[in-house]
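Colleague: I am new to this structure and would like to learn how to read its strands and turns. Could we go through them together, one feature at a time?

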Amino acid sequence: MELIRITQEHMNGLIVLQRGYKQEIGESAPGEEDFERLLRAMENGQIVFFGCIENDRLVGCCSISPTFSTFDYQRGGVFEDFYILPEYRHRGIARKLVEFAYQESGVSSLTVGCADCDAEIYKALGFDIRLGNMYAYYP
């Protein structure tokens with residue numbers, strides 16, 4: 001298992017994971033324009049992706065979007081896009097990927113918004129401070 005910061009070099013593998021992630025959560029698949037915007041955001045440092053490679057294949061990913069957090073008045077990050085291919089789950093990849101992403105991102109804290117059905121997995125991965133509810137504004 002190799003943990004990496006995902007770059008343009010790994011974009012094809014990231015596209016596969018993003019499509020799988022969106023399908024699993026019941027959202028529409030991203031298109032070419034979406035991936036072009038994503039790549040620009042990655043190049044501009046607005047979002048950083050981390051991944052796990054096994055057998056020369058990107059099998060898991062997560063992202064951190066840096067921000068300033070008044071949780072601890074330091075650089076924080078929003079944790080998203082967490083997805084492990086089904087056939088690679090229950091092997092410890094998730095925990096290692098979260099720890100790697102946190103360390104490599106240089107943030108002091110991570111926040112995650114999740115569905116109620118996913119809360120227990122995030123607690124098990126160390127997201128154990130409840131900060132109320134998160135809602136999205138998307139008019």
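**Reading the sheet and its turns**

Modeller: Let us begin with a hairpin, formed by β2 and β3 with 2 residues between them, where N55 in the turn has a positive phi of about 50 degrees. Strands here are DSSP runs of E with at least two residues, helices are runs of H or I with at least four residues, and both are numbered from the N terminus. This is a predicted model, in which local features need pLDDT of at least 70, side-chain atom pairs count only at pLDDT 80 or more, and totals for chains, interfaces and linings use all residues. Residues are numbered from 1 along each chain as its sequence is written, and side-chain values use heavy atoms, with hydrogens and water left out.

Colleague: Is N55 buried or exposed?

Modeller: Buried means under 20% relative accessible area, exposed over 50%, and partly exposed in between, with a 1.4 Å probe and protein chains only. N55, in the loop between β2 (48-54) and β3 (57-69), is exposed, with a relative accessible area of 70%. D81 also has a positive phi, of about 55 degrees, although it is not a glycine; D81, however, is placed in strand β4 (residues 74-84) and is buried, with a relative accessible area of 10%.

Colleague: How should I read the pairing of strands, and what is the order of the strands in the open sheet?

Modeller: Strands of a sheet pair through backbone hydrogen bonds, either parallel or antiparallel. Two strands count as paired if DSSP finds at least two bridges between them. In this model, an open sheet of 5 strands follows the order β1-β2-β3-β4-β5, with mixed pairing. Its edge strands are β1 (2-6) and β5 (109-111), each of which pairs on one side only.

Colleague: How many bridges join β3 to β4, and how many are there between β2 and β3?

Modeller: There are 9 bridges joining β3 to β4, which run antiparallel, and S63 has E80 in β4 as its bridge partner. β2 and β3 are also antiparallel, over 7 bridges, with L58 in β3 as the bridge partner of I53. Between β1 and β2 the antiparallel pairing has 5 bridges, and L3 is partnered by C52 in β2.

Colleague: Which residues of β2 are buried on each side?

Modeller: In a regular strand the side chains alternate between the two faces of the sheet. In β2, V48, F50, C52 and E54 are buried on one side, and F49, G51 and I53 are buried on the other. Since 7 of the 7 residues of β2 are buried, β2 is largely enclosed by the rest of the structure.
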